Amino acid sequence: MRVGFVSTGLETGGAEMALLRLLPAMWRHGIESTVVSLRSMGTIGPRLQEAGIAVTALDVPGLAASAAAWSRLVSALRAASPSLLHGWMYHGNLAALAAGRRLGLPVAWGIRQSLGLGTRDKWLTRRVIDAGAWLSGRAELIVYNSATARVQHEARGYAAAGGAVVPNGFDTEAFRPDAALRASVRAELRIPQDAPVVIQVARHHPGKDYPTLLRAAARVVAGVPEIRFLLVGEAVDDSNEELMSLVRELNLESHVRLLGRRDDVARLLCAADVAALSSAGMEGFPNAIGEAMSCGVPCVATRVGDVPQLIGASGDVVSPSDPGTLGAALIRMISLAPAERRALGEQARQRIIDGYSIDQVSRRYASLLVGACRKNH
């Protein structure tokens, strides 16, 4: 069965990374995929192509250009001869629905975030979300990546019929503990082998709430002066004056490293003792936490999306936007004996293996898509 995915974009983000993991894995369960990006190829498009998946980028810069790109979207999807169209993120969902009606094909939607920060979304994005609520009953299937996202969207008016939750899946072989990598990354970054290290992997975005993390870091440094923080993500680098200004204000220059976007996140995670997530909302099911857990790194994260269900008893969950609480939780985790922290990491990894491996998740997803297609025939 072939599925035509219509993605809002293919930049480096959690939703796009989830797509990159999911599509090759679903091929093993009988789902062939083709992808049309409304925006550019981004960084994920070429990687999908390397995995043998056909990708077309429409390079639509904004709403005004959407009408001009409409025929190209329909043509690209018609040429792929799919049995089902699948939107990926809000704009992609609406585009897939319109194309599905034109081509006479059933449509599934993919919703990849919660609504905790709706007021911080762009005006157009908020209107697209509202339009999705009005039109959602026309989709055969709506797949959310978290139970929290499903509850929030259905409360906002999204159709309950056809709703399903499939969490993100993780490659537990690519993301796994490795003592040799731990030593080599620390040597590369000139971090003492015995220094405690906290890592956060998140792009620079208001929803990720880096100011709360940095203010929490200042509290941790006051009690654990040998600690190091590694911050990884798009635009999280020394050229980001907003972040660097706060780092200087808090006197964190010798404790915080801004590494920017990296393609070796699995390596970097192996060097960490604790993974943090300071998000204030928007998250559905954060990849960064699942990947850290898969690497055997215990996590301290804010209570957003399905984070509490993901972490369980293997880490700590705190309220968003509270540097004091986040800092205290990080100190507690760092202060554990190495054997205790290692046991939590092993528990975290086992949770991913048992419930969130990419093979389990892709099998479940493939089954839903086949069911949606059969339901329409």
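These legends accompany several close-up views of one predicted model.

**View 1. A salt bridge joins Glu188 and Arg262**.
Welcome to the first stop, which is about charged pairs. Side chains of opposite charge can pair when their charged atoms come close. Across the whole structure, a search finds 19 salt bridges. In this view, the side chains of Glu188 and Arg262 meet, with 3.5 Å from N to O. The two partners come from distant parts of the chain, 74 residues apart. Glu188 belongs to helix H7 (residues 179-188), while Arg262 sits in the loop between strand E10 (256-260) and helix H10 (265-270). How accessible is Glu188? Its relative accessible area is 42%, so Glu188 is partly exposed. Arg262 is partly exposed too, with a value of 23%.

**View 2. Asp264 and Arg267 form a salt bridge**.
Here the N to O distance between the side chains of Asp264 and Arg267 is 2.6 Å. Is Asp264 buried or exposed? Asp264 counts as buried because its relative accessibility is 17%, and buried means under 20%. Arg267, at 23% relative accessibility, counts as partly exposed.

**View 3. Arg341 and Asp273 meet in a salt bridge that belongs to a network**.
The side chains of Arg341 and Asp273 come together with 3.8 Å from N to O. Arg341 is part of helix H14 (residues 338-355), and Asp273 is found in the loop between H10 and strand E11 (274-277), so this pair ties together parts that are 68 residues apart in sequence. Both partners are buried: Arg341 has a relative accessibility of 13%, and Asp273 has a relative accessible area of 9%. Which residues does the network hold? Salt bridges with shared partners join Arg182, Arg186, Asp273 and Arg341.

**View 4. A cavity of about 70 Å³ is the largest in the model**.
Rolling a probe the size of a water molecule over the atoms shows where empty space is left. In this structure, the search finds 1 cavity of 30 Å³ or more. Its lining includes Ala18, Arg21, Leu22, Trp88 and Arg112. Val166, Pro167, Asn168 and Gly169 are also among the lining residues, as are Ile358, Val361 and Tyr365. Which elements give two or more residues to this lining? They are helix H1 (14-27) and helix H15 (358-376). By class, the lining residues divide into 8 nonpolar, 2 polar and 2 charged.

**View 5. The second largest pocket has a volume of about 410 Å³**.
This pocket is lined by 18 residues. To find your way to its centre, look for Arg182, Cys270, Ala272, Gly296 and Arg342, which lie nearest to it. H7, H10 and H14 each supply at least two residues of the lining. Which element gives the most? H14 does, with 6 residues. The lining has 9 nonpolar, 2 polar and 7 charged residues. One name is familiar from View 3: Arg182 is also a member of the salt-bridge network there.

**View 6. Helix H1 is mostly covered**.
H1 has 14 residues and reaches 21 Å from its first C-alpha to its last, close to the 20 Å expected at 1.5 Å a residue. How many of these residues are buried? The count is 11 of 14. Among them are Ala15, Glu16, Met17, Leu19 and Leu20. Ala18, Arg21 and Leu22 are buried as well, and these residues of H1 also line the cavity of View 4. What covers the buried residues of H1? The cover includes strands E1 (2-7), E2 (32-37) and E4 (84-88). Helices H2 (44-50), H11 (287-294) and H15 are also part of the cover.

**View 7. Asp59 and Arg190 have positive phi values**.
Most residues other than glycine have a negative phi, and most peptide bonds are trans. Asp59 has a phi near 55°, a positive value. You can find Asp59 in the loop between strand E3 (54-57) and helix H3 (63-80). Arg190, which is not a glycine either, has a positive phi of about 60°. Its place is in the loop between H7 and strand E8 (197-201). Is Arg190 buried or exposed? With a relative accessibility of 77%, Arg190 counts as exposed.

How values were computed. Residues are numbered from 1 along each chain as its sequence is written. This is a predicted model: local features need pLDDT of at least 70, side-chain atom pairs count only at pLDDT 80 or more; totals for chains, interfaces and linings use all residues. Side-chain values use heavy atoms; hydrogens and water are left out. A salt bridge is a side-chain nitrogen of Lys or Arg within 4 Å of a carboxyl oxygen of Asp or Glu. Helices (H or I, at least four residues) and strands (E, at least two) are DSSP runs, numbered from the N terminus. Buried means under 20% relative accessible area, exposed over 50%, partly exposed in between (1.4 Å probe, protein chains only). On a 1 Å grid over the protein atoms alone, a cavity is a set of points where a 1.4 Å probe fits but cannot get out, and a pocket is an open set with protein on both sides within 12 Å along at least five of seven lines; lining residues have an atom within 4 Å of a point. Grid points are joined across faces, edges and corners, and a volume is the space filled by probe spheres set on the points. Ala, Val, Leu, Ile, Met, Phe, Trp, Tyr, Cys and Pro count as nonpolar, Asp, Glu, Lys and Arg as charged, and the others, Gly among them, as polar. The expected span of a helix is 1.5 Å times one less than its number of residues. Contact means heavy atoms within 4.5 Å.
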